[in-house]
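Here are some short exercises to help you find your way around a new structure. Try each one with the model in view, then read the worked solution.

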Amino acid sequence: MALLNKKLVRERETASYKLEHTTVELVRLYAEFIGSPQEHVVNESLLYLFRKDKEFTDWLKTNGKVIPASRGESEKKANPQQPSPIRYKG
């Protein structure tokens with residue numbers, strides 16, 4: 001079973017990063033594995049990382065950092081089964 005779910009269509013913003021060749025190839029292969037675009041794999045992987053890193057979530061809280069609500073957050077109120085982009089265990 002895949003660790004990432006299939007892509008839900010959401011508003012996107014373009015960001016450009018240089019990655020090692022091996023990482024790019026693994027993203028391509030994982031995207032093929034789950035049948036979703038590569039950008040979805042990168043996006044969901046980063047959200048997973050942000051949710052799981054307790055030191056990062058503590059740092060966000062300590063420094064009063066506000067995570068911008070995504071379009072999915074406002075749609076979540078209308079459709080409660082849609083997952084939050086970032087989930088914290090508090």
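**Exercise 1: Getting your bearings**

Among contacts in the chain between residues at least 6 apart in sequence, 61% join residues at least 24 apart. Keep in mind that this is a predicted model.

Task: work out how many helices and strands the chain has, and how they follow one another.

Solution. Step one: go through the elements, and you get 4 helices and 0 strands. Step two: read along the sequence, and the pattern is α-α-α-α. Step three: look at the surface. Of the 90 residues, 20% count as buried, and the chain exposes about 7700 Å², with carbon and sulfur atoms supplying 56% of that area.

**Exercise 2: How far to trust it**

Task: find which element has the lowest mean pLDDT and which has the highest.

Solution. Begin with the whole chain: its average pLDDT is 81, and 74% of the residues score at least 70. Now go element by element. Helix 4 (residues 71–78) comes out lowest with a mean of 48, while helix 1 is highest at 98. Over residues 74–82 the pLDDT is below 50, and beyond near neighbours in sequence this stretch has 6 contacts in the model. Where pLDDT is low, the predicted coordinates should not be read in detail.

**Exercise 3: Ring pairs**

Task: find the aromatic pairs and say how the rings of Tyr 30 and Phe 33 are arranged.

Solution. Take the count to start with: there are 3 aromatic pairs. For Tyr 30 and Phe 33, the ring centres are 5.5 Å apart and the planes meet at 65°, which is over the 60 degree cut-off, so the pair is edge-to-face. Next, place these two residues: both sit in helix 1 (residues 21–34), 3 residues apart, or about one turn of the helix. Then check their surroundings. Tyr 30 has a relative accessible area of 24%, so it is partly exposed. Phe 33 reaches 56%, so it counts as exposed.

Move on to Phe 50 and Phe 56. Their centres are also 5.5 Å apart, but with 40° between the planes this pair is tilted. Phe 50 is partly exposed at 28% relative accessibility, and Phe 56 is partly exposed at 30%. To finish, follow the ring pairs along: they link Phe 50, Phe 56 and Trp 59 into a cluster.

**Exercise 4: The nonpolar core**

Task: list the residues of the largest nonpolar core and say which helix gives the largest share.

Solution. The core has 5 residues: Leu 4, Val 27, Ala 31, Ile 34 and Val 41. Helix 1 gives the largest share, with 3 residues. Now pick Leu 4 and leave aside its neighbours within four places in sequence. What remains in contact with Leu 4 is Tyr 30, Ile 34, Val 41, Glu 44 and Ser 45. You've met Tyr 30 before, as the ring partner of Phe 33.

**Exercise 5: One residue up close**

Task: describe where Asn 5 lies, and decide whether Asn 5 is buried or exposed.

Solution. First, locate Asn 5: it is in the segment before helix 1. Second, read its accessibility. At 64%, Asn 5 is above the 50% cut-off, so it counts as exposed. Third, look for contacts, setting aside neighbours within four places in sequence: Asn 5 touches Ile 34 and His 40. Last, compare positions along the chain and in space. Asn 5 and Ser 36 are 31 residues apart along the chain, and their C-alpha atoms are separated by 8.8 Å.

Notes. Residues are numbered from 1 along each chain as its sequence is written. This is a predicted model: local features need pLDDT of at least 70, side-chain atom pairs count only at pLDDT 80 or more; totals for chains, interfaces and linings use all residues. Side-chain values use heavy atoms; hydrogens and water are left out. Rings of Phe, Tyr and Trp (its six-membered ring) pair if their centres lie within 6.5 Å; planes under 30 degrees apart count as stacked, over 60 as edge-to-face and the rest as tilted. Buried means under 20% relative accessible area, exposed over 50%, partly exposed in between (1.4 Å probe, protein chains only). pLDDT is the predictor's confidence in each residue, from 0 to 100. Contact means heavy atoms within 4.5 Å. A nonpolar core is a set of buried Ala, Val, Leu, Ile, Met, Phe, Trp, Tyr and Cys residues joined through side-chain atoms within 4.5 Å. Accessible areas come from the Shrake-Rupley method with a 1.4 Å probe; for residues, only the protein chains shown count as cover.
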